[in-house]
Amino acid sequence: MAHIKHDKNGNPYISNDWVLEDVESACSDMEVTLSHDEKCDVLHQVANSFDANFGINWDYFYSAIQDQINTRKEAS
């Protein structure tokens, strides 16, 4: 998932892009359906809990999806 990109001055940097389709893939793995807003929340949760010592991996997505499911259950 990591790519080398270049800033406006041509300097290279590493970009580790995760997109909504990745959330959808993790949902599919878990046999879960989330709304568009819930999937966006998953991306935000993963980004906000980013730790450069560990990076981002599928387990963070699965955990954030489970949090969305738990939040949904608590609200009902």
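These are my notebook entries on the core, one residue in it, the aromatic rings and a cavity.

**Entry 1: the model.** I am working from a predicted model.

**Entry 2: the core.** I began with the largest nonpolar core and found 12 residues in it. Written out along the chain, they are Trp18, Val23, Ala26, Cys27, Val32, Leu34, Val42, Val46, Phe61, Ala64, Ile65 and Ile69. Next I asked which elements give two or more residues to this core. They are helix H1 (20–30), helix H2 (36–48) and helix H3 (58–75). H3 gives the most, with 4 residues.

**Entry 3: two core members and their contacts.** I picked isoleucine 65, which sits in helix H3. Is isoleucine 65 buried or exposed? Its relative accessible area is 0%, so I noted it as buried. Setting aside residues up to four places away in sequence, I listed what isoleucine 65 touches: Val23, Ala26, Cys27, Met30, Val32, Leu34 and Val42.

I then turned to valine 23, one of the residues on that list. Beyond its neighbours within four places in sequence, valine 23 is in contact with Lys39, Val42, Leu43, Phe61 and Ile65.

For a look away from the core, I checked isoleucine 65 against asparagine 9. They are 56 residues apart in sequence, and their C-alpha atoms lie 38 Å apart in space.

**Entry 4: aromatic rings.** I found 3 aromatic pairs in the structure. For tryptophan 18 and tryptophan 58, the ring centres are 5.0 Å apart and the planes stand at 80 degrees; planes over 60 degrees apart count as edge-to-face, so this pair is edge-to-face. I was pleased to see that the pair links distant parts of the chain, 40 residues apart. Tryptophan 18 is in the loop between strand E2 (12–16) and H1, while tryptophan 58 belongs to helix H3.

I also looked up how accessible each partner is. Tryptophan 18 has 15% relative accessibility and therefore counts as buried. Tryptophan 58 has 30%, so I put it down as partly exposed. Ring pairs also bring in Phe61, giving a cluster of Trp18, Trp58 and Phe61. Trp18 and Phe61 were already in my list of core residues.

**Entry 5: the cavity.** How many cavities of 30 Å³ or more does the structure hold? I found 1. The largest cavity has about 30 Å³ of space. Which residues line it? I noted Val46, Ser49, Phe50, Asp51, Gly55, Ile56 and Tyr60. By type, the lining divides into 4 nonpolar, 2 polar and 1 charged. Val46 turns up here in the lining and also in the core list.

Terms used. Residues are numbered from 1 along each chain as its sequence is written. This is a predicted model: local features need pLDDT of at least 70, side-chain atom pairs count only at pLDDT 80 or more; totals for chains, interfaces and linings use all residues. Side-chain values use heavy atoms; hydrogens and water are left out. A nonpolar core is a set of buried Ala, Val, Leu, Ile, Met, Phe, Trp, Tyr and Cys residues joined through side-chain atoms within 4.5 Å. Buried means under 20% relative accessible area, exposed over 50%, partly exposed in between (1.4 Å probe, protein chains only). Contact means heavy atoms within 4.5 Å. On a 1 Å grid over the protein atoms alone, a cavity is a set of points where a 1.4 Å probe fits but cannot get out, and a pocket is an open set with protein on both sides within 12 Å along at least five of seven lines; lining residues have an atom within 4 Å of a point. Grid points are joined across faces, edges and corners, and a volume is the space filled by probe spheres set on the points. Ala, Val, Leu, Ile, Met, Phe, Trp, Tyr, Cys and Pro count as nonpolar, Asp, Glu, Lys and Arg as charged, and the others, Gly among them, as polar. Rings of Phe, Tyr and Trp (its six-membered ring) pair if their centres lie within 6.5 Å; planes under 30 degrees apart count as stacked, over 60 as edge-to-face and the rest as tilted.
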